[in-house]
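I am opening my notebook to record, step by step, what I look up in this structure.

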Amino acid sequence: MTENTEIAAKKTVLFCPLDWGLGHIARDLPLIKEFSKHGHRVIVAASQTLIDWLEKEFPQVETTLFEGPDIRYTKNSALFLKMIFILPHLFRWLIKEKNITSVLVEKYHPDLIVSDNRYGARHYSVYSVIITHQLMLKMPLLLRWAEYPVYLLIKRLIRPFRECWVPDFEKEHSLAGDLVHKYPLPKNARLIGSLSRFDDPELPVDISKRPAPKSLLAIISGPEPQRSLLEEKLKNILNNYPGEICIVRGTDIKSAEVKKTTQNMKIYNHLQTPYLLKKIKESDVIISRPGYSTIMDMYTLKKSILMIPTPGQTEQEYLAKHHHNNLHKLLNIKHINTFDNLPHPLPPKVLNNISATKNFREVLKELY
């Protein structure tokens with residue numbers, strides 16, 4: 001299977017997304033749907049949490065269990081130090097992933113493996129692709145010297161894959177900034193443009209309806225305990241907020257239970273993509289973590305957000321600074337005690353991206 005080679009028969013595609021929140025599986029959804037739409041058999045090997053989410057979003061897809069390392073955030077900003085200490089554990093998981101992938105290959109006989117940030121999810125006998133925007137890692141100031149050596153390590157981990165699909169544009173139009181373009185792209189890397197689960201022509205969207213004034217949506221899903229800490233902080237800030245409030249907690253994928261804490265506040269455990277899209281379109285103010293999948297989602301929907309990076313998550317802190325006052329605004333939650341201090345998001349921009357980067361559908365056509 002090489003570039004510009006047409007697949008004559010329908011093939012089996014094995015997806016292996018990393019479980020670090022829902023970001024990886026969410027951005028893989030348009031790829032999964034595109035392969036399925038063209039009649040290929042798609043099997044998603046993932047953690048039970050991601051399987052539960054996918055079965056709600058795209059129930060016709062096949063799934064199989066492929067657990068990963070359990071990584072929890074800290075209550076303070078010492079996350080990066082914690083990650084250094086668990087590196088040996090992560091490298092042991094790399095070996096485990098290779099072994100598990102071998103078992104999956106024996107069971108399903110895939111023609112293509114698509115790994116999202118799982119460096120061990122590849123096989124020597126199968127055309128293997130890795131999806132990542134993390135071609136380098138942003139380091140704390142005192143470890144900034146280590147960024148280039150870590151880039152070389154990531155480049156080495158990517159090398160065994162036949163292709164590396166990078167969900168971003170050329171440098172002048174980049175959403176990821178330094179994460180993709182600070183150092184030279186690996187030789188097997190291909191820019192495939194933005195990946196968003198909202199990039200789906202079949203999703204119903206009422207573009208005629210304008211957001212209600214001061215309507216506010218807070219999307220606070222993510223690893224604990226930082227998710228809960230942010231939820232409690234926002235509840236206190238938004239007390240007596242004059243507009244309608246919707247908080248999506250991301251705590252129970254199987255239930256969209258609604259709780260009302262005040263007359264104008266609704267709290268959802270989880271919202272499936274069509275309902276979340278409706279809330280995003282109807283909201284005047286959106287507060288969210290600046291995870292890269294969220295950045296791509298808002299680029300697709302042409303929406304501006306107030307960004308609250310996870311403390312110690314250097315990638316989110318960088319992305320927030322990279323996009324501040326361009327498409328979005330960085331919100332320092334420590335300095336916000338009441339809704340009166342909330343800045344208003346930037347007005348929506350019409351993004352006419354003239355990048356020469358091929359979008360993911362064009363890349364996939366080369367594999368059909």
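Which residues is Phe 15 in contact with, leaving aside its neighbours within four places in sequence? Counting as contact any heavy atoms within 4.5 Å, I find Asp 28, Leu 31, Ile 32, Phe 35, Val 42, Ile 43, Val 44, Ala 45 and Val 114.

I note that this is a predicted model, in which local features need pLDDT of at least 70 and side-chain atom pairs count only at pLDDT 80 or more, while totals for chains, interfaces and linings use all residues. Residues are numbered from 1 along each chain as its sequence is written, and side-chain values use heavy atoms, with hydrogens and water left out.

Next I looked up the largest nonpolar core (buried Ala, Val, Leu, Ile, Met, Phe, Trp, Tyr and Cys residues joined through side-chain atoms within 4.5 Å), and I see that among its 76 residues Phe 15 and Val 44 touch the most other members. A second, separate core has 21 residues, including Leu 216 and Met 265.

For the whole protein chain I wrote down 368 residues, of which 54% count as buried, where buried means under 20% relative accessible area, exposed over 50% and partly exposed in between, with a 1.4 Å probe and protein chains only. Of the contacts between residues at least 6 apart in sequence, 64% join residues at least 24 apart.

Last, I turned to Gln 263, which is exposed, with a relative accessible area of 77%. Gln 263 sits in the loop between strand E10 (258–262) and strand E11 (265–268), strands being DSSP runs of E, at least two residues, numbered from the N terminus. I also noted that 8.8 Å separates the C-alpha atoms of Gln 263 and Glu 244, which are 19 residues apart along the chain.

Key
Helices (H or I, at least four residues) and strands (E, at least two) are DSSP runs, numbered from the N terminus.
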